[in-house]
Each structure stands twice: as C-alpha cells, then as structure tokens.
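Let's take a walk through this protein chain together. Keep the picture open while you read, and look for each part as it comes up.

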Amino acid sequence: MDYLQTIPEIQGLFEGADYIGVKTIDAENQLEPFLVKIFSYRPSLIRFLYRIRAPLVRLLGFRQDPLPEMDEWIPAEFPMLPCGMVWFFTVREVKKEHFWIAGCPRDRHLDADLAVVVRSLNKYRRRFYLITVVRYKHWTGPLYFTMIRLFNLFIVDRMARCAAR
C-alpha cells in the first residue's frame with residue numbers, strides 16, 4: 001500500500017473512499033496485456049452471481065440491467081484512453097505502463113472504481129495491484145456493498161489469477 005500512496009492519481013482516487021480493496025499479484029506481463037487477460041476471463045460464474053444479485057438489488061429498490069453477451073464485453077481493441085469502455089467500466093485515466101483507472105456507471109447509492117497499477121520488479125517480473133475503491137452516497141450504499149463484497153473479492157481474485165497465467 002505504501003507504493004500506491006506515492007502515485008498522486010491513486011492517492012486522489014483514495015480520497016473520501018469508504019472502502020479500498022487491494023489484490024496484489026506478480027506476473028510477467030506488461031500493463032495492457034495484463035488488462036486484456038483480466039477482462040478476457042470468461043466468467044460464466046459472473047452471470048450466475050449477477051443473477052443472484054438481482055433479487056438483492058430489487059429489495060433495495062435498484063434496477064438491474066441484463067448483462068451483455070460475452071462478445072460484447074470486450075472490444076476488439078482494448079481501451080487505453082479515457083472514455084473507452086470495457087465490460088461496464090468507463091476508462092477514466094491511464095498512464096502507459098504505470099496505471100489504468102476505470103469506473104462503474106455512477107449510481108445513486110455508491111460510486112465504484114477499479115484501478116490496476118503496475119510496478120516493475122525486475123526486467124521480466126512486475127507486481128500488479130488490482131484496486132477496488134467504493135464511496136457511499138446513500139444509506140443503501142454500505143448495505144448493498146456489504147451484500148456483494150464477497151462476490152467482489154472472489155471475482156477480483158479470479159481475474160488476477162487468470163491474468164497472471
């Protein structure tokens with residue numbers, strides 16, 4: 001976490017955060033290929049978890065859009081510029097071979113961002129930090145995130161493992 005605090009853009013992302021989750025994994029990829037592998041993870045499990053999530057969000061009065069088809073999730077060219085989209089994330093900021101920051105659609109109950117930071121360990125190995133940042137905007141935010149937090153931890157872990165292979 002100390003390394004992350006040295007990056008002004010990541011420090012800014014942490015400001016006002018109610019939750020910060022960091023998954024660390026070492027791999028022999030550069031940032032863009034690592035991101036492609038993360039989002040190429042073909043998670044039929046995500047579809048299942050998304051279906052489980054549906055009744056929970058309805059209880060809180062939220063609307064859940066259907067998931068797009070898997071081919072629609074990943075663009076042919078991975079978005080490495082602000083405003084690009086992958087899955088339901090919109091790219092907010094990128095520094096080539098340093099970090100990639102994207103956010104979920106802004107919601108009335110919380111804001112959530114995903115960042116991937118890379119740190120070179122040697123000529124071939126790099127350490128990747130997958131960061132989830134959540135800010136609550138409404139009393140339902142902490143309630144909702146508490147319900148999906150285990151899903152988030154599980155999915156981020158699976159995505160990181162997939163990318164490190």
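Start with strand 4, where five of the five residues are buried, so this strand is largely enclosed by the rest of the structure. Keep in mind that you're looking at a predicted model. Which residues of strand 4 sit on each side? Phe-99, Ile-101 and Gly-103 are on one side, Trp-100 and Ala-102 are on the other, and all of them are buried, so both faces of the strand are covered.

Now for the partners of strand 4. Strand 3 runs antiparallel to strand 4, and five bridges join the two. If you want a spot to check, find Val-91, which stands opposite Ala-102 in strand 4. Strand 5 also pairs with strand 4 in the antiparallel sense, again over five bridges. Here the spot to check is Trp-100, which stands opposite Val-116 in strand 5.

Strand 3 and strand 4 make a hairpin with three residues between them. Glu-97 is found in that loop, between strand 3 (89–95) and strand 4 (99–103). What is the sign of phi at Glu-97? It's positive, near 60 degrees, in a residue other than glycine. Most residues other than glycine have a negative phi. Is Glu-97 buried or partly exposed? With a relative accessibility of 33%, Glu-97 counts as partly exposed.

Let's stay with strand 5 for a moment, since Leu-114 has its place there. Leu-114 counts as buried because its relative accessibility is 7%, under the 20% cut-off. Leaving aside neighbours within four places in sequence, Leu-114 is in contact with Phe-39, Phe-89, Trp-100, Ile-101, Ala-102 and Ile-131. Another residue to find is Val-134: Leu-114 and Val-134 are 20 residues apart in sequence, and their C-alphas are 9.1 Å apart in space.

Next, the nonpolar core. The largest one has 34 residues, and the members that touch the most others are Phe-34, Phe-39, Trp-100, Val-116, Phe-128 and Leu-130. Which elements supply at least two residues each? They are strand 1, helix 3, strand 3, strand 4, strand 5 (110–120), strand 6 and helix 6. Helix 6 gives the largest share, with nine residues. Apart from this core lies another, of 13 residues, including Tyr-3, Ile-7, Ile-10 and Phe-99.

Helix 6 is worth a look of its own. It has 25 residues and reaches 35 Å from its first C-alpha to its last, close to the 36 Å expected at 1.5 Å a residue. Where does helix 6 bend? At Ile-148, by about 50 degrees.

Now let's turn to the aromatic rings. A pair of rings is described by the distance of the centres and the angle of the planes. The count here comes to three aromatic pairs. In one of them, Tyr-19 and Phe-145 have their ring centres 4.8 Å apart and their planes at 55 degrees, so the pair is tilted. Tyr-19 lies in strand 1 (residues 19–27) and Phe-145 in helix 6 (residues 140–164), so this pair ties together parts that are 126 residues apart in sequence.

Another pair, Phe-34 and Phe-128, is stacked, at 3.7 Å centre to centre with 5 degrees between the planes. This pair also links distant parts of the chain: Phe-34 is in helix 3 (residues 31–40), Phe-128 is in strand 6 (residues 126–136), and they're 94 residues apart.

Are these four ring residues buried or exposed? Here are their values.

| Residue | Relative accessibility | State |
|---|---|---|
| Tyr-19 | 10% | buried |
| Phe-145 | 4% | buried |
| Phe-34 | 0% | buried |
| Phe-128 | 0% | buried |

Phe-128 has a long list of contacts. Not counting residues up to four places away in sequence, Phe-128 touches Lys-23, Thr-24, Ile-25, Ala-27, Asn-29, Gln-30, Leu-31, Phe-34, Val-116, Val-117 and Val-118.

One of those contacts, Asn-29, makes a good last stop. Asn-29 lies in the loop between strand 1 and helix 3. At 14% relative accessibility, Asn-29 counts as buried. What does Asn-29 touch? Leaving aside neighbours within four places in sequence, it's in contact with Phe-34, Lys-37, Arg-126, Phe-128 and Ala-163.

How values were computed: Residues numbered from 1 in each chain as written. Predicted model: local features only at pLDDT ≥ 70, side-chain atom pairs only at ≥ 80, totals over all residues. Heavy atoms only, no water. Phe/Tyr/Trp six-rings, centres within 6.5 Å; stacked < 30°, edge-to-face > 60°. Helix = DSSP H or I, 4+ residues; strand = E, 2+ residues; numbered from the N terminus. Buried < 20%, exposed > 50% of the residue type's maximum accessible area, 1.4 Å probe, protein only. Core = buried A, V, L, I, M, F, W, Y, C linked by side-chain atoms within 4.5 Å. Contact = heavy atoms within 4.5 Å. Pairing = 2+ DSSP bridges. Expected span 1.5 Å × (residues − 1). Bend = angle between axes of the 7 residues up to and from the residue.
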